[in-house]
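Reader: Please take a close look at one small part of this structure, starting from a single residue and its contacts, and then work outward to the elements around it. Where a class such as buried or exposed is assigned, I would like to see the count behind it.

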Amino acid sequence: MHINWQQKELHLKVVYYGPALSGKTTNLEQIYSRVDPSHRSEMVSLKTHEDRTLYFDYLQLELGKISGLTPKILLYTVPGQAYYEASRKLVLRGADGVVFVADSHPDRVNANIEAWQMMHTHLSSFETPMTGIPIVVQFNKQDLPDALSETVLKALLHVHGLPIYPAVATRGEGVFDTLKAITKSVVAQVQRVMAR
Amino acid sequence: MTEQQNEVTESRKKLRNGITVVSLQEDAIKKLAVELQEKLQTVFIMVVDTAGQAIYASEPLIESKSNALGSLLAGDLSASQELARVTGQYDLSQLIIREGIESTLFISEAGKDLLLLTIVPGQVPIGWARILIKETARQIGEIIHTPVSELDLLSLGLDDEKLTDIYEESLNNIWNG
């Protein structure tokens, strides 16, 4: 969290994390296309020639003034490919909240588990335990004919107790619900920290 | 400092990886940047936080350009930092120099929370620019950790019980569906 005192702005950083091709960038693209242009930035994407995220995607949302502050939500994705693990860690640093985008395809179970565990490792290295940062889980690609069910995915990832949202990001389904959920969780966390 | 102010300041320190910039600090950063601009006849100076959020720019930028520049700047320095860590070369006060024909670009750490971008005309000696930029970056890094007495976060409404609902409503208002 960052407060620009002069401009009375509250900045919250949310990172979309997950395995390669799980739909992280698609989430941001859907948000970009569906948010009133006067309330969002341009989307910054650093991609390879194969259209894969090289470093990160970035999009900023600006909400109307709330109490004394103008909130800005900074959305980032991490590169999904394991090759870019160091970059993923960098983008994750300083996050106020994380959306874990899991791939519901049965062949991607191991990739989901590996990404989940690496995220845990990275957050721990920042001295930010999983319990200390809001996390929302999205089970994307639920339109696949052989998509794993929510129950199965929850058991595989051991994500009990976290907010879960099924999604078909390519159609925008579940994208906004996920965004709202992580935003509310982050705001609640900020309030808890401030109240201490 | 009153007891309440002490409590507020304590709360601030507990925030995760967050910094708070107040107007006095921004004024001081601007003053240092202007001094650097005069000494080096810089083309452009920008101060951003490690997440890429612009705090100061020597000339107005449209928001989208400011966002893009800030993000890339943070990413560039972060990559370099990680590269240094991986190779065992990491040290504080890192400086990246991108030498060009028309101008030279310096990206430097300003403490652990801020970054300083300085673009200097090509005819300015790099060694001279490097010394002044490193000193300015050091001072900026110190400013941001100067205790702030005017902080009053509670007056910003962050203690509103319905704050999460208000945020949800605000998101609903900007979503076209």
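Author: A20(A) touches G80(A), Q81(A) and A111(A), leaving aside residues up to four places away in sequence. The model is a predicted one, and what follows should be read as a description of that prediction.

A20(A) lies in the loop that connects β2 and α1 of chain A. Of its contacts, A111(A) is 91 residues away along the chain, and the C-alpha atoms of the two are separated by 7.9 Å. Is A20(A) buried, exposed or partly exposed? It has 17 other C-beta atoms within 10 Å. A residue needs 20 or more to be called buried and 12 or fewer to be called exposed, so A20(A) is classed as partly exposed.

The elements on either side of this loop are β2 and α1 of chain A. Take the helix to begin with. Helix α1(A) covers residues 24-34, and 8 of its 11 residues are buried, so the helix is largely enclosed by the rest of the structure. The buried residues are K24(A), T25(A), T26(A), N27(A), L28(A), E29(A), Q30(A) and I31(A).

On the other side of the loop, strand β2(A), residues 9-17, runs parallel to β5(A), and 8 bridges join the two. Within this pairing, K13(A) stands opposite L74(A) of β5(A). Strand β5(A) spans residues 70-77 and is mostly covered, with 7 of its 8 residues buried.

Further along chain A comes helix α2(A), residues 85-92, whose buried residues are S87(A), R88(A), L90(A), V91(A) and L92(A). G94(A) follows this helix and has a positive phi, near 80 degrees.

Now the chain as a whole. Chain A has 5 helices and 8 strands, and along the sequence they are arranged as β-β-α-β-β-β-α-β-α-β-α-β-α. Of its 196 residues, 49% are buried. Among contacts in chain A with a separation of 6 or more, 70% are between residues 24 or more positions apart.

Chain B can be set out in the same terms. It holds 5 helices and 6 strands, which from the N terminus on run α-β-α-β-β-α-β-β-β-α-α. Buried residues account for 31% of the 177 residues in chain B. For contacts in chain B with a separation of 6 or more, the share from residues 24 or more positions apart is 58%.

An open sheet in chain B is formed by 5 strands in the order β3-β2-β6-β5-β4, with antiparallel pairing. The edges are taken by β3(B), residues 54-57, and β4(B), residues 95-99; each has a single partner strand, so one side of each is left without a neighbour in the sheet. From one strand to the next, the twist averages 15 degrees.

Strand β5(B) is a useful place to read the sheet in detail. Of its 8 residues, 6 are buried, and the strand is mostly covered. Toward the edge, β4(B) and β5(B) pair in the antiparallel sense over 5 bridges. In that pairing I97(B) stands opposite F106(B) of β5(B), and the two strands are joined by a hairpin through 3 residues.

On its other flank, β5(B), residues 103-110, is paired with β6(B), residues 114-121, in the antiparallel sense over 8 bridges. The bridge partner of I107(B) in β6(B) is L117(B), while S108(B) stands opposite L116(B). This pair also forms a hairpin, with 3 residues between the strands. In the turn, G111(B) has a positive phi of about 75 degrees.

What lies across these strands? Helix α4(B), residues 126-143, lies across β2(B), β4(B), β5(B) and β6(B), and runs at about 30 degrees to β5(B).

To return to the starting point: A20(A) is a loop residue between β2 and α1 of chain A. A20(A) is partly exposed, whereas the helix α1(A) is largely enclosed by the rest of the structure, and the strand β5(A), partner of β2(A) over 8 bridges, is mostly covered.

Key. Residues numbered from 1 in each chain as written. Chains lettered and ligands numbered in written order. Predicted model: local features only at pLDDT ≥ 70, side-chain atom pairs only at ≥ 80, totals over all residues. Helix = DSSP H or I, 4+ residues; strand = E, 2+ residues; numbered from the N terminus. Contact = placed C-beta atoms within 7 Å. Pairing = 2+ DSSP bridges. Axes fitted to C-alpha atoms, helices over the stretch in contact; angles between N-to-C directions.
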